[in-house]
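Visitor: I should like to learn how the interior of a protein model is read. Please begin with the core and then turn to single elements.

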Amino acid sequence: MVSCVHHVPGRARFKLDALRRDPDLAERIHAEVSRLPGISGVEVNRHAASVIVHYCTERGDLSLVMDHICVHCPKSAAARRAGALAPIPEPAAGRPIRGLA
């Protein structure tokens, strides 16, 4: 399954367990998501089953990113069509780093 586990304006992290099983999946997701409008960077970590997407807050569309990632996971694609996947969370509020505030 695919889920957006962290989101701040300009950056979102998705978890996709299928990355651990399919080495080619990381390359396909990286290539496809990188071509989407408003995307400035994509980092895929197979061992962490994680995809980090850096995007322009004015042009990037996280729902479109999620759709492109879900295409590669049949269970997630079906769940997304049925509206059963958790929504993309609202951006987290910025918090000062301890010792620097």
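Guide: A nonpolar core is a set of buried Ala, Val, Leu, Ile, Met, Phe, Trp, Tyr and Cys residues joined through side-chain atoms within 4.5 Å; buried means under 20% relative accessible area with a 1.4 Å probe, protein chains only. Here the largest such core has 23 residues, and Phe14, Leu16, Val33, Val65 and Ile69 have the most contacts inside it. The element giving the most is α3, with five residues. This is a predicted model, in which local features need pLDDT of at least 70 and side-chain atom pairs count only at pLDDT 80 or more, while totals for chains, interfaces and linings use all residues. Residues are numbered from 1 along each chain as its sequence is written, and side-chain values use heavy atoms, with hydrogens and water left out.

Visitor: With which residues is Val65 in contact, leaving aside its neighbours within four places in sequence?

Guide: Contact means heavy atoms within 4.5 Å. By that criterion, Val65 meets Phe14, Val33, Leu36, Ile39 and Val53.

Visitor: Where do the buried residues of α2 lie around the axis?

Guide: Helices are DSSP runs (H or I, at least four residues) and strands likewise (E, at least two), numbered from the N terminus. An α-helix has 3.6 residues a turn, so residues three or four places apart point the same way. In α2 the buried residues are Leu25, Ala26, Ile29 and Val33. They cover an arc of only 100 degrees, taken from the directions from the helix axis to the C-beta atoms, which puts them on the same side of α2. These residues pack against β2, α1, β3, β4 and α3.

Key:
Buried means under 20% relative accessible area, exposed over 50%, partly exposed in between (1.4 Å probe, protein chains only).
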